[in-house]
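Me: Please take a close look at one part of this model. I would like a single connected account that starts from one residue and works outward.

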Amino acid sequence: DCYKAWFKFDYRRYVSAEFNFTGTSQGGGEISKLLEKRIKGDKTVRYFLLPGESGTYSDMASAYRNWLEKKGVLTRMQPREVVPLSIEFFMAVTKKGIFGNRLEKITTYRQAANILSDLANSGVNSVQTLLTGWSKGGYEAMPTPPEYAMALGGKRNFKALSKICDENGFDLFLNCEYLLGNKDHRRINTKKNILKDLLGTGITGKKSSLVFMNPEKTLFKSVEKSVKKSDGNWKISLSSIGNLVLPNSYERDVIHRTEVIDVYRKTLEYLKSRQGIASVSGGNAYVLPYAKRMYEIPDRDSQYTHN
């Protein structure tokens, strides 16, 4: 079959969900169903025939890149005299204690400011800085609240950090997670605002305490709220949006991946218009027209079946 090529389109999704109503090892099963709601949008398959010896992975990547440029998805960047130094500060995590959770400081706002100040004084004039776990509650606070952490120095010390970046022309990005949430978080409406399977059960991440937020209902509002809180000296970097596309299979509110991507595009367009630059984690094709800064770009196929 190495000389054959073909494609297959599904216009409806076939979904399944496991269940266990008795709680015993013998009481489980699986339910499957073909969803009535058809997948929106048109699909096109385009073949590029590479002649002779021009069939390596590099040649394939070059052909794809050239096509993206031709379609206006990618814009070729002009060579820069200085390549920015990229720094990520991991700020804080939440640790469980005897009398409740506490914030474990790793890097405070002042410490990050001192490091960036030292770099500027050493002659470094181009830096892109990403703060992860910067907000109230640290890294585990999901969705990321647009609130400064008092344990890391509060608003005053964050403003000092932001000022150093502004004075030296450094880009400051705040890593924000809006697609995952702690299901016990008081701000999360688990009945309306999370993704669900066929049976209406919330879809969880690798940790059962994490649920996937419904981007159609929460993403744009969350980003808009954070952007309005920005003073212009820092920018939002969206975590997970460049590598995570999940549908909602619950029959009362079916959302296909194509519709999720439409929400992503709307959000990225807004972010680009307000910040002048969009920064994301991941590098799926739908972020390319908007994102100028990408972290954690995948080096392999996601194995998703496009449906």
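Reply: Ser-240 sits in the loop between β10 (235-239) and α5; helices (H or I, at least four residues) and strands (E, at least two) are DSSP runs numbered from the N terminus. This is a predicted model, in which local features need pLDDT of at least 70, side-chain atom pairs count only at pLDDT 80 or more, and totals for chains, interfaces and linings use all residues. Residues are numbered from 1 along each chain as its sequence is written, and side-chain values use heavy atoms, with hydrogens and water left out.

The phi angle of Ser-240 is near 75 degrees, a positive value in a residue other than glycine. Ser-240 has a relative accessibility of 12% and counts as buried, a term that means under 20% relative accessible area, with exposed over 50% and partly exposed in between (1.4 Å probe, protein chains only).

The strand before this loop is buried as well: 5 of the 5 residues of β10 are, so the strand is largely enclosed by the rest of the structure. In a regular strand, side chains alternate between the two faces of the sheet. In β10, Lys-235, Ser-237 and Ser-239 point one way, while Ile-236 and Leu-238 point the other way.

Which strands pair with β10? Two strands pair if DSSP finds at least two bridges between them. Strand β7 (residues 171-177) runs parallel to β10 and is joined to it by 5 bridges; one of the partnerships is between Glu-177 and Ser-239 of β10. Strand β11 (residues 278-281) is also parallel to β10, with 2 bridges, and Ser-237 has Ser-279 as its bridge partner in β11. From β10 the chain passes through α5 to β11 in a right-handed β-α-β crossover. Right-handed here means that, with the strands pointing away from the viewer, the path from the first strand over the helix to the second runs clockwise.

Leu-238 of β10 also belongs to the largest nonpolar core, which has 54 residues; together with Tyr-109, Leu-116 and Leu-131, Leu-238 touches the most other members. Helix α5 (residues 257-275) supplies the largest share of this core, 7 residues. A nonpolar core is a set of buried Ala, Val, Leu, Ile, Met, Phe, Trp, Tyr and Cys residues joined through side-chain atoms within 4.5 Å. In soluble globular proteins, nonpolar side chains tend to be buried together.

Leu-131 touches residues including Leu-172, Phe-173, Leu-174 and Asn-175, as well as Phe-89 and Met-91, leaving aside residues up to four places away in sequence. Contact means heavy atoms within 4.5 Å.

What about disulfides, that is, pairs of cysteine sulfur atoms within 2.5 Å? The structure holds 0 of them. Cys-165 is in none, and the nearest cysteine sulfur, that of Cys-176, is 15 Å away. Cys-176 is likewise in no disulfide. Both cysteines are buried: Cys-165 has a relative accessible area of 0%, and Cys-176 is at 1% relative accessibility.

As for confidence, the protein chain averages a pLDDT of 85, and 93% of the residues score at least 70; pLDDT is the predictor's confidence in each residue, from 0 to 100. Among the elements, strand β1 (residues 14-20) has the lowest mean, 69, and helix α2 (residues 109-121) the highest, 96.

Technical notes. A disulfide is a pair of cysteine sulfur atoms within 2.5 Å.
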